[in-house]
Amino acid sequence: MALRNIITEGNPTLAKKCRPVTVFDDRLATLIDDMKDTVIQANGVGLAAPQVGVLRRVVVVDLGEEIIELVNPKILEQSGEQDGLEGCLSVPGKYGMVKRPNTVKLQAQDRHGDWYEYEGEELIARCFCHELEHLDGHLYTERAYRMLTEEEYEELIQKEQDA
Ligand code: NI
């Protein structure tokens, strides 16, 4: 296991559509393990393979007790709405307001190719949507209806430090 370098906004790789995973081999397992280490190290909730420069449909999401691996994920159902702050490890130092469904059910494969279904609410549902969009070359900044100003961002950081 090893940490991978996270690429940032402006890198053309982040705007490309990822290809499905068709080979479930040791190389895929290493990528997933590295992505898990990388998302923990970076204090993120989720990470998509293009963020570490790999154009494959692979995502990891930290649920707290465990980090799940989503290979070739597809949204099956979504419902409700939530409105809140979103950030991205590839867009450091920025936050924006984005509307998302409140509940998202998806199916995905694990590193062995077995299919699973996952349902997430609130932060996890938001994360599912955000990470899946990375696989199609999109960043949340395209979807945010308002980005925080530098002043609002500084206030937020200050509040977090005081908490
Ligand atoms: Ni992101």
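**Close-up views of a predicted nickel-site model**

**View A. Asn43, in a loop with a positive phi.** Asn43 sits in the loop that runs between helix H1 (26–41) and strand E1. Before going on, note that this is a predicted model. Phi of Asn43 comes out near 60°, a positive value in a residue other than glycine. Is Asn43 buried or exposed? Asn43 counts as exposed because its relative accessibility is 72%, and the cut-off for exposed is over 50%.

**View B. Asn72, a positive phi in a strand.** Here we're looking at Asn72, which has its place in strand E3. Asn72 isn't a glycine, yet its phi is positive, about 55°. With a relative accessibility of 9%, Asn72 counts as buried, since buried means under 20%. So Asn72 is buried at 9%, while Asn43 is exposed at 72%.

**View C. Glu69 and its two polar partners.** Glu69 is another residue to look at in strand E3 (residues 67–79). Which side chains does the side chain of Glu69 contact? One is the side chain of Lys36, in a polar contact of 2.9 Å. Another is the side chain of Arg111, joined to that of Glu69 by a polar contact of 2.9 Å. Glu69 counts as buried because its relative accessibility is 11%, and the cut-off for buried is under 20%.

**View D. The nickel ion and its protein donors.** Three protein atoms show up as donors of the nickel ion: SG of Cys88, NE2 of His130 and NE2 of His134. These donors lie 2.1 to 2.3 Å from the ion. If you like motifs, the spacing of the donors along the chain reads C-x41-H-x3-H. Where do His130 and His134 lie? Both are in helix H2 (residues 123–135), four residues apart, or about one turn of the helix. In an α-helix there are 3.6 residues a turn, so residues three or four places apart point the same way. Both histidines are also buried, His130 as well as His134.

**View E. Helix H2 from end to end.** H2 is 13 residues long and spans 19 Å from its first C-alpha to its last. That is close to the 18 Å expected at 1.5 Å a residue. How many of the 13 residues of H2 are buried? Twelve are, which makes H2 mostly covered. Apart from the two histidine donors, the buried residues of H2 include Arg126, Glu131 and Glu133. Also among them are Ile124, Phe128, Leu132 and Leu135, along with Cys127 and Cys129. Just after H2 comes Gly137, with a positive phi of about 85°.

**View F. Gln51, a loop residue and His134.** Gln51 belongs to the loop between strand E1 (46–48) and strand E2 (58–62). At a relative accessible area of 1%, Gln51 is buried, because the cut-off is under 20%. Along the sequence, Gln51 and His134 are 83 residues apart. In space, their C-alpha atoms are 7.9 Å apart. Recall that His134 gives its NE2 to the nickel ion.

**View G. The largest pocket.** The largest pocket has a volume of about 420 Å³. Its lining is made of 23 residues, with Val45, Glu86, Gly87, Cys88 and Leu89 lying nearest the centre. Strand E4 (82–86) and H2 are the elements that give two or more residues to this lining. Which element makes the largest share? That's H2, with six residues. Sorted by type, the lining has eleven nonpolar, eight polar and four charged residues. Cys88, one of the residues nearest the centre of this pocket, is also a donor of the nickel ion through its SG.

**View H. The second largest pocket and Val54.** About 350 Å³ of space lies in the second largest pocket. It has 13 lining residues, and those nearest its centre are Arg27, Leu28, Leu31, Val54 and Arg56. By type, six of the lining residues are nonpolar, two polar and five charged. Val54 is in the loop between E1 and E2. Val54 counts as partly exposed because its relative accessibility is 21%, and partly exposed falls between the cut-offs of 20% and 50%. For a long-range pair, take Val54 and Ala163: they are 109 residues apart in sequence and 37 Å apart in space, C-alpha to C-alpha.

Conventions
Residues numbered from 1 in each chain as written. Predicted model: local features only at pLDDT ≥ 70, side-chain atom pairs only at ≥ 80, totals over all residues. Heavy atoms only, no water. Donors = N, O, S within 2.8 Å, 3.2 Å for Na, K, Ca; no water. Buried < 20%, exposed > 50% of the residue type's maximum accessible area, 1.4 Å probe, protein only. 1 Å grid on protein atoms, 1.4 Å probe; cavity = no way out; pocket = protein on both sides within 12 Å on 5 of 7 lines; lining within 4 Å. Points joined across faces, edges and corners; volume = space filled by probe spheres on them. Nonpolar A, V, L, I, M, F, W, Y, C, P; charged D, E, K, R; others polar. Expected span 1.5 Å × (residues − 1). Polar contact = N/O pair within 3.5 Å; in protein donor to acceptor, adjacent residues only side chain to side chain.
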